[in-house]
Amino acid sequence: MRARLTKDFTFEAAQTLPSAPEGHKCRRMHGHSFKIEVSVEGDVDPTIGWIYDHADISAAVKPLLKMLDHSYLNDVEGLENPTIEEMAAWLWKKLQSQCPGLCEIVVHETPTARCVYRGE
């Protein structure tokens, strides 16, 4: 049996989007309550009954949250233009080797706006 496991995380951060069009409101400093969903997919181990331990995902994400939470995202190496698209790809690169079966990263910047990234 195959299944997908998703773990959610949140953090608060400020940002500017320097590559946004001139006059766009996101060029000014602003902040969001971000939500990240990290999903792994694989075969369910018949003995244990799961694909992957949630704690392993949390352990992989914890140092990244420490870098991001209550930070100015533009100061984080690789996030100089921290759109949610760039953030999702950045997270993928950081987590891919630590989360076998990583299949999707979703970054929410508001309750109604998000980016889905599948490593493509």
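## H70, an exposed loop residue

In this predicted model, H70 has a relative accessibility of 64% and therefore counts as exposed, the cut-off being over 50%. H70 belongs to the loop that lies between α1 (54-68) and β3 (71-72).

The backbone of H70 has a phi near 55°, which is a positive value in a residue other than glycine. Most residues other than glycine have a negative phi.

## Chain overview

The secondary structure consists of 2 helices and 5 strands. Their order along the sequence is β-β-α-β-α-β-β. The C-alpha trace spans about 55 × 25 × 25 Å along its principal axes.

Of the 120 residues in the chain, 42% are buried. Among contacts with a separation of 6 or more, 62% are between residues 24 or more positions apart. The exposed area of the chain is about 7100 Å², and carbon and sulfur atoms supply 50% of that area. As for charge, there are 13 positive and 18 negative side chains, and the centres of the two sets are 3 Å apart.

## The sheet

How are the strands ordered in the sheet? The 5 strands form an open sheet in the order β3-β1-β2-β4-β5, and the pairing is mixed. The edges are taken by β3 and β5; each has a single partner strand, so one side of each has no neighbour in the sheet. Strands of a sheet pair through backbone hydrogen bonds, either parallel or antiparallel.

Strand β1 (residues 2-15) pairs with β2 (residues 30-43) in the antiparallel sense, over 14 bridges. One of the residue pairs linking these strands is A3 with its bridge partner G42 in β2. Strand β2 also runs antiparallel to β4, with 6 bridges joining the two. Here V38 has I105 of β4 as its bridge partner.

## The β4-β5 hairpin

Strands β4 (residues 102-110) and β5 (residues 113-117) are antiparallel and share 5 bridges. A hairpin of 2 residues connects β4 to β5. Bridge partners include V107 with C115 and H108 with R114.

Is β4 enclosed or open to the outside? Of its 9 residues, 7 are buried, so β4 is largely enclosed by the rest of the structure.

## E104 in strand β4

E104 is located in strand β4. Its relative accessibility is 10%, so E104 counts as buried, for which the cut-off is under 20%. The side chain of E104 makes a polar contact of 2.8 Å with the side chain of R118.

Leaving aside residues up to four places away in sequence, E104 touches R4, E37, V38, S39, W92, V116, Y117 and R118. One of these neighbours, V38, is the residue whose bridge partner in β4 is I105.

## Q15 in strand β1

Q15 is part of strand β1. Is Q15 buried or exposed? With a relative accessible area of 1%, Q15 is buried, because that value is under 20%.

What does the side chain of Q15 join in a polar contact? The partner is the side chain of H32, at 3.4 Å. H32 also appears among the residues that Q15 touches, which are R28, M29, H30, H32, F34, Y72, L73, N74, P82 and E109 when residues up to four places away in sequence are not counted.

## L65 in helix α1

L65 sits in helix α1 and is buried, with a relative accessible area of 18%. Although L65 and T10 are 55 residues apart in sequence, their C-alpha atoms are 8.1 Å apart in space.

Which residues does L65 touch, if those up to four places away in sequence are not counted? They are F9, T10, F11 and I36. F9, T10 and F11 fall within β1 (residues 2-15), and I36 falls within β2 (residues 30-43). The contacts of L65 thus link helix α1 to the paired strands β1 and β2.

How values were computed. Residues are numbered from 1 along each chain as its sequence is written. This is a predicted model: local features need pLDDT of at least 70, side-chain atom pairs count only at pLDDT 80 or more; totals for chains, interfaces and linings use all residues. Side-chain values use heavy atoms; hydrogens and water are left out. Two strands pair if DSSP finds at least two bridges between them. Helices (H or I, at least four residues) and strands (E, at least two) are DSSP runs, numbered from the N terminus. Buried means under 20% relative accessible area, exposed over 50%, partly exposed in between (1.4 Å probe, protein chains only). Contact means heavy atoms within 4.5 Å. Accessible areas come from the Shrake-Rupley method with a 1.4 Å probe; for residues, only the protein chains shown count as cover. Lys and Arg count as positive and Asp and Glu as negative; His and the chain ends are not counted. The place of a charge is taken as NZ of Lys, CZ of Arg, CG of Asp or CD of Glu. A polar contact is a pair of N or O atoms within 3.5 Å; within protein, one must be able to donate a hydrogen and the other to accept it, and residues adjacent in sequence count only if both atoms are side-chain atoms.
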